Amino acid sequence: MSDTMDKEMALAFAKMSKSSALNRLYAAKVKREKNVLLSKLLYSISRSEKIHARRSLMYIRGKIGDPMDYLKRLLHIKNENITIKYPKISKLSIDAGKKKASEAFDQFSKVEKIHLKLLKEALKESPDESTKYYVCHICGYIAVNEIPLNCPVCNAVQEKFRMEE
């Protein structure tokens, strides 16, 4: 594949993924507003775009490089999110009077710190295949091997955690 084609496919994948997520959010919103038909349509479009994104990714897969190089970049990106991006967005949210948005990005920062710690541990030691990861579906916190009574980041109850395989 040419560089231009690679970039365009990657951009299309990102846009499809974003659109799918946005359509899911709006589908839930209009469902709460009792517009069931529009909700079903937006959920259907979301699922369709998710399929498009997955198919696009299949064409990009051959371009995936060395996992260790990726993990190094991922560590850098997460560190940048924690130290620069998320604090900046949190402050901008406060300045705009969006306290809840600021709280969300503060939580994202806490969760990213945990991601960073888990990644560094995984790179240092040989993995224990019996390790289980549980993700809080409210804030994204990852618990290892057991679900806490309440999420330490957002205080969600145990039922909001799902095991990842």
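The following legends describe close-up views of a predicted model.

**Figure 1. Overall arrangement of the chain.** The secondary structure of this predicted chain consists of four helices and three strands. In sequence order the elements follow the pattern α-α-α-α-β-β-β. The C-alpha trace spans about 50 × 45 × 40 Å along its principal axes. Of the 165 residues in the chain, 24% count as buried. Among contacts with a separation of 6 or more, 51% are made by residues 24 or more positions apart.

**Figure 2. Surroundings of Tyr 86 in helix H3.** Tyr 86 is located in helix H3. With a relative accessibility of 15%, Tyr 86 counts as buried, because the limit for that class is under 20%. Leaving aside neighbours within four places in sequence, the contacts of Tyr 86 are Asn 81, Phe 105, Phe 108, Ser 109 and Glu 112. Ser 109 is 23 residues from Tyr 86 in sequence, yet the two C-alpha atoms are 6.2 Å apart in space.

**Figure 3. Aromatic pairs between helices H3 and H4.** The model holds four aromatic pairs. In one of them, Tyr 86 and Phe 105 meet edge-to-face, with 5.6 Å from centre to centre and 65° between the planes. Tyr 86 belongs to helix H3 (residues 67–95) and Phe 105 to helix H4 (residues 99–124), so this pair ties together parts that are 19 residues apart in sequence. Tyr 86 also forms an edge-to-face pair with Phe 108, at 6.1 Å centre to centre and with 65° between the planes. Phe 108 likewise lies in helix H4, so its pairing with Tyr 86 in helix H3 ties together parts that are 22 residues apart in sequence. Tyr 86, Phe 105 and Phe 108 form one aromatic cluster. Within this cluster, Tyr 86 is buried at 15% relative accessibility, whereas Phe 108 is partly exposed, its relative accessible area being 31%.

**Figure 4. Ser 39 in helix H2.** Ser 39 is placed in helix H2 (residues 36–60). Its relative accessibility is 3%, so Ser 39 falls under the 20% limit and counts as buried. When residues up to four places away in sequence are not counted, Ser 39 touches Ala 27, Val 30 and Lys 31.

**Figure 5. The largest pocket.** The volume of the largest pocket is about 440 Å³. Its lining comprises 17 residues, of which Leu 118, Glu 121, Ala 122, Thr 131 and Tyr 133 are the closest to the pocket centre. The elements that give two or more residues to this lining are H3, H4 and strand S2 (142–144). Helix H4 provides the largest share, with six residues. By class, the lining of the largest pocket divides into nine nonpolar, three polar and five charged residues.

**Figure 6. The second largest pocket.** The second largest pocket holds about 310 Å³ of space. Its lining is formed by Ala 104, Phe 105, Gln 107, Phe 108, Ile 138, Cys 139 and Gly 140. Five of these lining residues are nonpolar and two are polar, and no charged residues are present. Phe 105 and Phe 108, which belong to this lining, are also members of the aromatic cluster with Tyr 86.

**Figure 7. Pairing of strand S1 with strand S2.** Strand S1 (residues 133–136) and strand S2 run antiparallel and are joined by three bridges. Val 135 stands opposite Ile 142 in strand S2. The hairpin of S1 and S2 has five residues between the strands, and Gly 140 in this hairpin takes a positive phi near 95°. Gly 140 also appears in the lining of the second largest pocket.

**Figure 8. Pairing of strand S1 with strand S3.** Strand S1 is joined to strand S3 (residues 161–164) by four bridges, and these two strands run antiparallel. Tyr 134 stands opposite Met 163 in strand S3. Strand S1 is thus shown here with S3, while its three bridges to S2 belong to the preceding view.

Technical notes: Residues are numbered from 1 along each chain as its sequence is written. This is a predicted model: local features need pLDDT of at least 70, side-chain atom pairs count only at pLDDT 80 or more; totals for chains, interfaces and linings use all residues. Side-chain values use heavy atoms; hydrogens and water are left out. Rings of Phe, Tyr and Trp (its six-membered ring) pair if their centres lie within 6.5 Å; planes under 30 degrees apart count as stacked, over 60 as edge-to-face and the rest as tilted. Buried means under 20% relative accessible area, exposed over 50%, partly exposed in between (1.4 Å probe, protein chains only). Contact means heavy atoms within 4.5 Å. On a 1 Å grid over the protein atoms alone, a cavity is a set of points where a 1.4 Å probe fits but cannot get out, and a pocket is an open set with protein on both sides within 12 Å along at least five of seven lines; lining residues have an atom within 4 Å of a point. Grid points are joined across faces, edges and corners, and a volume is the space filled by probe spheres set on the points. Ala, Val, Leu, Ile, Met, Phe, Trp, Tyr, Cys and Pro count as nonpolar, Asp, Glu, Lys and Arg as charged, and the others, Gly among them, as polar. Two strands pair if DSSP finds at least two bridges between them.
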